[in-house]
Amino acid sequence: MRRALITGISGQDGSYLAEYLLDLGYEVWGLVRREPETSRWLEKIVHRIEFVYGDLRDEESLKVAFQKAWPDEVYNLAAQVFVPTSWECPAETFDINVGGFARLLQIVERQKPDTRVYQASTSEMFGNVGAICSERTPFSPTSPYGTSKMAAHRLAAVYRNRGLFVLGGILFNHESPRRGPEMVTRKITRAAARWVLGDRTKLKLGNLQSRRDWGFAGDYVKAMHAMLQHDTPKDYVIGTGVSHSVQDFLRQVLIEVKKVCHEEDVPRTIEEWVEVDSQFLRTGEIHDLRADSSAAQKDLGWQPKVDFPQLVEMMVEADLASVREALGTKAVS
Ligand code: GDP
């Protein structure tokens, strides 16, 4: 039975990946900082996972966790991922995102160099290229977060040149009902659910014109696994190839909400519902990101299954259900 160690297992990507690897017959180990039972997303599979305690900032804890898990594959998904936080805490962002990965790589090289390592790289490394991005597009990050991920990505290449099987999956934005509530998509779908169920507080957002290539996290974890099964370690870009603006996302949310809720409970316009608040505008804003994942399609046979309307529908439905549950109400048909 193949053994996989996932850092960041309690987050969106970690939980989808754990489910996928369990289905494939893996023995799944999860690195956690606190009680795994506290993660809602792991509820259904918590009894099938082996947990080890550790923190990417603490080398000793990583060594012990690695020795216990003794993995064939490591998926390094734990990170400080929120761009605004990376401006508040740039050094901590680097310590986790770069230092943590460096600690892991050293442990792998010294203890079990045949372990295959997946590093969660990101489209934020590209910055404002103003064009569709492939593996050949130069990096030009605009935030401490993007810079930290670029450094880790380069570190992966350096260790690869020394013989480790390590690669970076350059994933574009990927969302789901499990997305962190601070990210724009989830912030919007949660607010829509609250509005429909009676809370008429205006939703405060930043730049509504910025565009992202939003895909479904459940599709993207399959690409992570496929990359580690390939004969040679290679970085891949993963995305849908289509970008939408935050405004488009808002519009699609209204369409989806209207399908399942009474008309009088749905905001009539975006203006009635949303207000631009300068505190959410960003320095170093990236205006548009779009992926060319033709290499992943060709080499790995990977393709996204869930499109933009389906993604929005899934998120709206899940947030309506959870807000309803929280309110203990059946106000919506
Ligand atoms: P990112 O691409 O990793 O930074 O993912 P986010 O979901 O945090 O942001 C996506 C885009 O939405 C960025 O261009 C943000 O500037 C924009 N955006 C607009 N308003 C908001 C907001 O209120 N919160 C967040 N998180 N992003 C916002």
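**Exercise 1.** Find which helix and which strand each supply at least two residues of the shell around the ligand.

*Solution.* The elements are α6 (184–196) and β8 (203–205); helices (H or I, at least four residues) and strands (E, at least two) are DSSP runs, numbered from the N terminus. The model is predicted: local features need pLDDT of at least 70, side-chain atom pairs count only at pLDDT 80 or more, and totals for chains, interfaces and linings use all residues. Residues are numbered from 1 along each chain as its sequence is written, and side-chain values use heavy atoms, with hydrogens and water left out.

**Exercise 2.** Identify the residues that come nearest to the ligand, then list polar contacts.

*Solution.* Step one: 18 residues surround the ligand (a heavy atom within 4 Å). Gly-206, Ser-210, Arg-212, Arg-282 and Glu-285 come nearest.
Step two: look for polar contacts, which are pairs of N or O atoms within 3.5 Å. Through its backbone, Gly-206 places an N or O atom 2.7 Å from a ligand nitrogen. A polar side-chain atom of Glu-285 is 2.5 Å from a ligand oxygen.
Step three: consider cover. Of the 530 Å² of accessible area (Shrake-Rupley method, 1.4 Å probe) that the ligand has on its own, the protein covers 97%.

**Exercise 3.** Describe the largest nonpolar core.

*Solution.* Such a core joins buried (under 20% relative accessible area, 1.4 Å probe, protein chains only) Ala, Val, Leu, Ile, Met, Phe, Trp, Tyr and Cys residues through side-chain atoms within 4.5 Å. The largest has 67 residues, and Tyr-75, Tyr-118 and Trp-273 have the most contacts inside it. Helix α7 (residues 217–229) gives the largest share, eight residues.

Definitions and conventions:
Buried means under 20% relative accessible area, exposed over 50%, partly exposed in between (1.4 Å probe, protein chains only). A polar contact is a pair of N or O atoms within 3.5 Å; within protein, one must be able to donate a hydrogen and the other to accept it, and residues adjacent in sequence count only if both atoms are side-chain atoms.
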